[in-house]
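Work through the exercises below with the model open. Try each task before reading its solution.

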Amino acid sequence: MKRTTLSLIAVATVLAAVTGVAAVTAPGPDSAAPVAAPKAARLPVERTGLLCPAPSTSEVAETTYTSFTPPARNAAGQPQDGQGGEGGSGTGTAAGAGGKSAAEAVLKPAARAAIPGEDAAKQEKKAKEPKAPPTVTKPGTPVAEQLDGGSVPALTGAANGALAPGWTVQQTTVVPAGGARGLLGVACTAPDTDFWFPAASTAKERHDYVHLTNPDDSAAVADIELYGPDGALKTEVTEGIPVPGHSTVPVLLSTLTTDPAQQDLTVHVTTRSGRVGAALGVADEKLGSDWLPAAADAAGKLVLPGIPADATSVRLVAFAPGDDDADLKVQLITPTGTIVPAGADSLHVKSGMTAAVDLPELTRGEPGSLLLTSADPKKPVPVVAAVKVVRGKGAEKEIAFIPATAAIEGRATVADNRAKGTTLALSAPGDAAQVRITASAGAEGGTPVTKNVTIKAGSTVSMDGPVPDGAKGGYALTVERLSGGPVYAARTLALPQDGVPMFTVQTFADDRSSVEVPPARQDLKVLDD
């Protein structure tokens, strides 16, 4: 006979069943007083997966990858010692299902599918010698690597053990010249089955690609739906888009439909089978290029944080995926309070259609975050949204995108910050809140710096990103919510070149570094013959 421990899922199911019976069964007169159920515990995740899209096809592209895992903190709020491996070994320990296991984080190149219309010689050149950058080896210390050219592949990766909770990889690309000129920034994301991208386009001057990357052994099949101001566009692809295992497929939006070009589109990516990472790369012939990350799930209240103070153009794009039309109230959360922008205080979004509005002179020299709420609070209608932001004037303009993002519940990190050109925006649309901001050591040296910041109710705090003492190389910024209401945050990185105000904005997404595990009253064992 042998003993087998019940799986965590089975334990949770049994506990749920027991709890349910206890809730509806009254004790008899001679019964002992009920024992209070033990509280669920929060434990660090043991594995995190990330996917990075292929950064650029430009031969002059310079891409920096910065990998980082924030250190855990003890009850006093101090970083715990002894996490991660010795320098470069990639080893460490963390409790796993079978005891202790080595901690490691690994990035691997994904195979690249051909782009329709690209000549065979160029495809062959890009397929040669794919490389992946090194990644983090211990919590608290970022690892950075630069890969140049247009053949840098998409990446798939995973971290486990002590390196898993909060593991993040930032991909930053500078393209100094050409049609894809710009500063492109994106945080590598977890695979999923459903993505929304408001603010896409098939306009003549735009070249928007959806990059689909499959981290698994088996093939995935994805669908891409396009929605314009009049509803769904006719699609040329009815059987889905196959994405082979451990491969990436770039899809040019304009090849998916024969409908006339659309200035404002919402893209919906789903999978029929498997899962993928999805990111939308934008190249505008007049405004440069950047990544458009997936927007937060549809909701009746959305925050789009970190609109720069010197934005010369802001365009809001929203989509209502449900059956009801949405009437949105548009507000700006500024350093001095929440205001209604002049001339653009509302937006009507019809069901199944994309709506857009220009917000002229939105910031008026002050940074802010856009707040969207239903005009009738009693009947909120879920929407997805993003803004297209432009800095600069004349021929020296640059584009970036800010999608609606979820609040930071516990902790969030953005890596690859620079001592010059990093601006942090923190918004509290409801109650006042306090956060702790930690600037990690630099990738090449330095000492972490921590400071607490209070955000007044209904306001935005904009500040230069804290810089680690003696910083050498890029570093990570981690924001932890300590108390108060919901907090939304974004980081702007500005790297001007030849008079062009190149910039990119990344929102802070909660790293979900821990999970709630229901307690067991005792070890549950089953006997197998």
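Contact here means heavy atoms within 4.5 Å. The model is predicted: local features need pLDDT of at least 70, side-chain atom pairs count only at pLDDT 80 or more, and totals for chains, interfaces and linings use all residues. Residues are numbered from 1 along each chain as its sequence is written, and side-chain values use heavy atoms, with hydrogens and water left out.

**Exercise 1. Describe the surroundings of P448.**

Step 1: place the residue. P448 sits in the loop between strand 34 (445–447) and strand 35 (449–455). Strands are DSSP runs of E, at least two residues long, numbered from the N terminus.

Step 2: list its contacts. Leaving aside residues up to four places away in sequence, P448 touches A439, S440, A441 and P468.

Step 3: check a C-alpha distance. V467 is 19 residues from P448 along the chain, and their C-alpha atoms are 8.1 Å apart.

Step 4: judge exposure. P448 has a relative accessible area of 45%, so it is partly exposed. The scale is buried under 20%, exposed over 50%, partly exposed in between (1.4 Å probe, protein chains only).

**Exercise 2. Find the disulfide and say which parts it ties together.**

Step 1: apply the cut-off, a pair of cysteine sulfur atoms within 2.5 Å. The structure holds one such disulfide. C52 and C188 form it, with sulfur atoms 2.0 Å apart.

Step 2: place the partners. C52 lies in strand 3 (residues 47–52) and C188 in the loop between strand 12 (182–187) and strand 13 (194–200), so the bond ties together parts 136 residues apart in sequence.

Step 3: read the handedness. The S-S torsion is about 110°, so the disulfide is right-handed.

Step 4: check burial. Both C52 and C188 are buried.

**Exercise 3. Compare the settings of R272 and D223, then trace a salt-bridge network.**

Step 1: set the criterion. A salt bridge is a side-chain nitrogen of Lys or Arg within 4 Å of a carboxyl oxygen of Asp or Glu. The structure holds 12.

Step 2: take the pair. R272 and D223 meet at 2.7 Å, N to O. R272 is in strand 19 (residues 265–273) and D223 in strand 15 (residues 220–228), so parts 49 residues apart in sequence are tied together.

Step 3: compare exposure. R272 is partly exposed at 47% relative accessible area, whereas D223 is buried at 17%.

Step 4: follow the network. D264 and R315 form a salt bridge, with the closest N and O atoms 2.6 Å apart. Both residues are buried. Salt bridges link D264, R315 and D358 in a network.

Methods
Helix = DSSP H or I, 4+ residues; strand = E, 2+ residues; numbered from the N terminus.
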